[in-house]
Amino acid sequence: MDLNMFFEIGELNARLNSYKKKKEKSINLSAEQLLKAEKPYLALSGGKDSVAMAYLVDEAARRVNKDFRMWIHISSASFPGTLETAQKVAKQINRPLDVYDGGDAFKFLNNKQKAIFGKNGVYFDSVRSYAKDKDLCFTGVRAFESKRRSRAVRAKGQVFYSKSMGDITVCQPLAYFRLEDVAAVMAEYNGIMHPIYSKMPINNEKNAMNEEQWIRLGYTIQKDLWNRGTALFIKINYPEIFEKLAEKHPNINNYI
């Protein structure tokens, strides 16, 4: 899949009643949670799912006349264009964006992954810090991304309380959206796409949930994804970043 095909699929899917019902259900869920909250925020990664979610939550907020803020974690491990994408989305829907600057994330490269991205790691520390005075968080998790996320959605549902995210209610409006549904939202709302989606994809096979594995935005130092094509993707599309990673952690070359 490439960017043009993504939007072509989105334009077609946006006409289907099944998508329209799914979208309306997502907006209604978001509106219901917004009405219960005093200080809601939306966790924005800059990827297609979180951006699509931002449009639907914004739609919900306008219907019920509620405000919400957006938050993004940026560091040296963020892919180029991440902050700029988030800023464009914030401007497009006219919502405030709070940026957490994680600084030099490469210093954590030789740490265990759980020490970085685990529930007690440095990433979630920043999430909990921001959520101290918040009572609702919207996240763009989708069940069809992986078996692990599918199990989590089945176990927790679309709305649940999370201690690891800062003693806060979490709402997942896109929990049951497939990739084509995300594409439909992006096509319908003239969605802003991160520049990473214009790069050459590595893996076009389907995942365990029978969904095409398109480009996934994350962080360059997520070592648990290097052996799944991310290392090769970075080497081909971001050679300067790959060289920096290889200098700090030569084992990345084992995944090429």
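Colleague: At what angle do the axes of helix α2 and helix α3 cross?
Modeller: The axes of α2 (residues 17-36) and α3 (residues 48-64) cross at roughly 55° and come within 8 Å. That makes α2 oblique to α3. Axes are lines fitted to C-alpha atoms, for helices over the stretch in contact, and angles run from 0 to 180 degrees between N-to-C directions. Angles under 35 degrees count as roughly parallel, over 145 as roughly antiparallel, 65 to 115 as roughly perpendicular and the rest as oblique. This is a predicted model, in which local features need pLDDT of at least 70 and side-chain atom pairs count only at pLDDT 80 or more, while totals for chains, interfaces and linings use all residues. Residues are numbered from 1 along each chain as its sequence is written, and side-chain values use heavy atoms, with hydrogens and water left out.

Colleague: Which residues of α2 make the contact with α3, and what is the handedness of the crossing?
Modeller: The crossing of α2 and α3 is right-handed (the near helix is turned clockwise from the far one by less than a right angle). On the α2 side, the contact (heavy atoms within 4.5 Å) is made by Lys23, Glu24, Ser26, Ile27, Asn28, Ser30, Ala31, Leu34 and Leu35. The α3 residues include Leu56, Val57 and Arg63.

Colleague: Turning to the sheet, in what order do the strands lie?
Modeller: The open sheet has six strands in the order β3-β2-β1-β4-β6-β5, with mixed pairing (at least two DSSP bridges between two strands). Its edge strands, each pairing on one side only, are β3 (97-101) and β5 (159-162). On average, neighbouring strands are turned by 30° against each other, direction ignored. Helices (H or I, at least four residues) and strands (E, at least two) are DSSP runs, numbered from the N terminus.

Colleague: Do β1 and β4 pair in the parallel or antiparallel sense?
Modeller: Strand β1 (residues 40-43) and strand β4 (residues 136-138) pair in the parallel sense, over three bridges. Tyr41 has Cys137 in β4 as its bridge partner.

Colleague: Which strands does helix α6 lie across?
Modeller: Helix α6 (residues 122-130) lies across β1, β2 and β3, at about 155° to β2. Helix α4 (residues 82-93) lies across β2 (69-74) and β3, and runs at about 175° to β2.

Colleague: Last topic: how do α9 and α10 cross?
Modeller: The axes of α9 (residues 230-237) and α10 (residues 239-248) come within 5 Å and cross at roughly 125°. The two helices are therefore oblique to each other. Among the residues that meet are Ile234 and Ile236 in α9 and Phe242 and Leu245 in α10.
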